[in-house]
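This report introduces selected features of one protein model to a reader who has not met it before. Please consult the sequence and the structure shown below while reading.

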Amino acid sequence: MHRTSPHPASSSATGRTADPAPAAGTVLLRGGFVYSPADPFATAMVVDGGTVAWVGSEGAADSFADGVDDVVQLDGALVTPAFTDAHVHTTATGLALTGLDLSGTASLAEALARTAAHAAARPGDRVLLGHGWDETRWPERRPPTRAELDEAAGGRPLYLTRTDVHSAAVSTALLDLVPGVAALAGHDPQAPLTQDAHHAVRRAAFAAVTPQQRDAAQRAALAHAAAQGIGALHECAGPDISSEDDLAALLALSGEGAAPRVFGYWAEAARTSADLDRIRDLGAIGAGGDLFVDGSLGSHTACLHAPYADAAHTGVSYLDAETIARHLTLCTEAGVQAGFHAIGDAAVGAVVDGARAAAARAGLSRVRALRHRVEHAELMTEETIAAFAELGLVASVQPAFDAAWGGADGMYAERLGAARAAALNPFAAMTRAGVPLVLGSDSPVTPLDPWGAVRAAAFHRTPEHRISARAAFNAHTRGGWRAVGRDDAGVLVPGAPADYAVWTTGDLVVQTPDERVANWSTDPRSGTPGLPDLTPGQPLPTALRTVVGGRTVHRGPNG
């Protein structure tokens with residue numbers, strides 16, 4: 001891929017840094033493959049400033065070549081809409097990228113050794129932060145004890161989130177910074193903290209992050225997202241997750257224009273309309289995201305109708321149906337999108353009950369029009385799937401969860417038993433029912449890896465839950481924009497925002513649906529734009545360039 005210009009004096013953008021200002025000229029990209037419903041055989045595209053102006057064939061591109069400011073020779077590269085990751089915790093992602101990441105540790109011993117090395121290397125940190133441990137992947141099959149953490153941290157405050165971020169292993173010195181924590185729900189003298197105790201120590205831990213550390217973490221996360229071909233993020237913020245200052249800083253950073261777009265959500269239940277005014281003042285586009293109805297399966301805090309297979313309880317409920325209904329009603333009457341975090345079947349059912357009550361009070365059409373969201377929505381039933389479709393609820397799902405923890409031998413089966421675990425993440429049934437799906441990562445829970453998410457949806461560990469790669473791709477691009485109320489973006493057609501990524505990839509194929517949704521075709525007669533072959537074992541595409549609103553926010557070595 002290389003750049004030429006019919007007007008050499010006007011084109012000097014040859015470096016690898018992002019353009020500092022909105023693009024003002026016109027660019028012709030040609031000699032590749034453009035994924036567009038406007039033309040399944042498109043090889044070229046014209047961008048005028050921040051907007052897609054034309055998509056078409058190589059022959060027709062000749063007529064534009066002399067009238068544009070720049071010509072980008074794609075050399076066979078693929079151009080697609082930039083991905084939208086619909087569920088991200090940006091600062092936490094950046095802290096994991098720049099700090100202690102335990103997601104790849106093979107044992108408890110390795111995790112403790114890495115923690116000790118990190119502590120030695122960061123003598124000035126007020127609180128040591130780390131993320132990603134998962135005891136189900138370790139031969140010891142247990143989390144670290146408090147004594148082990150105290151030793152690894154050298155007696156310093158230490159906060160280590162489990163991979164699902166719904167529990168944390170902490171040191172004694174960190175607990176000492178939170179008066180009264182022992183009386184809070186979820187406290188245990190030795191085991192990881194959950195519920196209110198976890199939220200309290202999380203606030204104390206993140207309060208120790210300096211503005212400089214936060215800025216560095218956010219910049220690292222946004223740059224990493226852009227390098228994955230991601231053009232927009234849905235930041236799921238809230239008082240139990242981050243802080244108002246954190247969200248404000250992130251929105252300001254994104255607004256500088258050399259990074260992916262950020263759409264912010266604030267997870268705080270509204271009790272009056274004034275609460276929604278404050279959420280708007282924060283710059284959030286919705287009152288939702290991780291507004292917790294329950295927790296997670298890995299931490300035994302997802303709320304279930306029947307007990308866990310490996311624990312004698314049904315999890316944790318944070319919000320009742322009346323609170324959910326009040327929040328949804330207030331949001332609907334104010335024209336504000338609402339949303340909730342719900343994983344277990346009891347939690348999802350509570351959201352449905354609350355949404356039905358809100359529809360009775362405010363009107364079904366008004367509820368549907370706002371596209372209220374449910375994050376995760378993992379343990380669904382036929383009844384809740386039908387209700388999502390009826391109420392227009394958007395399911396914000398994470399296929400990488402199934403890739404990481406699904407299957408007969410995975411963590412989900414351990415927590416729920418094989419039969420109940422096989423019902424998780426029923427993407428095919430949701431799609432057939434007309435439930436809008438939008439894909440994300442919940443990073444840092446799972447990595448920013450959009451092609452990996454599309455692959456995970458197309459090759460779900462439970463075959464009957466698979467959807468086509470095309471459906472998954474659309475949910476990870478156009479779906480992300482529709483979830484924020486924009487039907488004109490996330491697709492490369494004239495008039496759409498020029499948010500796109502250029503990829504190096506292998507052969508392009510069209511998936512041929514069957515009962516397993518796992519066959520592929522390269523026959524051009526299908527008239528369907530091709531996508532990379534995402535069969536497990538095949539290399540995933542690499543982003544050469546990511547462009548947002550006509551501005552380059554990532555340029556790889558050959559981009």
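## The largest cavity

The lining of the largest cavity is made up of seven nonpolar, six polar and three charged residues. The model is a predicted one. The space within the largest cavity amounts to about 100 Å³. There are 16 lining residues, and those closest to the centre of the cavity are D164, S296, I343, E378 and F401. Two elements, α14 (399-405) and α15 (411-416), give two or more residues each to this lining.

In total, three cavities of 30 Å³ or more are counted in the model.

## The second largest cavity

The second largest cavity has a volume of about 60 Å³. Its lining is formed by P81, A82, F83, T84, G231, A232, W481, G490, V491, L492, P497 and D499. At least two of the lining residues come from β8 (83-88), and at least two come from β13 (230-237). Divided by class, the lining of the second largest cavity comprises eight nonpolar, three polar and one charged residues.

## A sheet of four strands

Strands of a sheet are paired by backbone hydrogen bonds, in either a parallel or an antiparallel sense. One open sheet in the model contains four strands, in the order β9-β10-β11-β12, and its pairing is mixed. The edge positions belong to β9 (100-101) and β12 (168-170); each has a single partner strand, so one side of each lacks a neighbour in the sheet.

Within this sheet, β10 (residues 128-133) and β11 (residues 158-162) are parallel and are paired over five bridges. H131 has T161 of β11 opposite to it. Helix α6 (residues 195-207) lies across β10, β11 and β12, and runs at about 125° to β11.

## Residue S171

Where is S171 placed? S171 belongs to the loop that lies between β12 and α5 (172-175). Is S171 buried or exposed? The relative accessibility of S171 is 0%, and S171 therefore counts as buried.

When neighbours within four places in sequence are left aside, the residues in contact with S171 are R146, L149, D150, R156, P157 and L158.

## A sheet of five strands

Another open sheet has five strands, arranged in the order β3-β7-β20-β24-β25 with mixed pairing. At its edges stand β3 (33-34) and β25 (551-555); each of them has a single partner strand, so that one side of each is left without a neighbour in the sheet.

The pairs can be followed along this order. β3 is paired with β7 (residues 78-81) in the parallel sense, over two bridges, and the bridge partner of F33 in β7 is L78. β7 is in turn paired with β20 (residues 500-504) in the antiparallel sense, over four bridges; here T80 has A501 of β20 as its bridge partner. Four bridges also join β24 (residues 542-548) to β25, and these two strands run antiparallel. In that pair, T546 is matched with H554 of β25 as its bridge partner.

Conventions:
Residues are numbered from 1 along each chain as its sequence is written. This is a predicted model: local features need pLDDT of at least 70, side-chain atom pairs count only at pLDDT 80 or more; totals for chains, interfaces and linings use all residues. Side-chain values use heavy atoms; hydrogens and water are left out. Two strands pair if DSSP finds at least two bridges between them. Contact means heavy atoms within 4.5 Å. Axes are lines fitted to C-alpha atoms, for helices over the stretch in contact, and angles run from 0 to 180 degrees between N-to-C directions. On a 1 Å grid over the protein atoms alone, a cavity is a set of points where a 1.4 Å probe fits but cannot get out, and a pocket is an open set with protein on both sides within 12 Å along at least five of seven lines; lining residues have an atom within 4 Å of a point. Grid points are joined across faces, edges and corners, and a volume is the space filled by probe spheres set on the points. Ala, Val, Leu, Ile, Met, Phe, Trp, Tyr, Cys and Pro count as nonpolar, Asp, Glu, Lys and Arg as charged, and the others, Gly among them, as polar. Buried means under 20% relative accessible area, exposed over 50%, partly exposed in between (1.4 Å probe, protein chains only).
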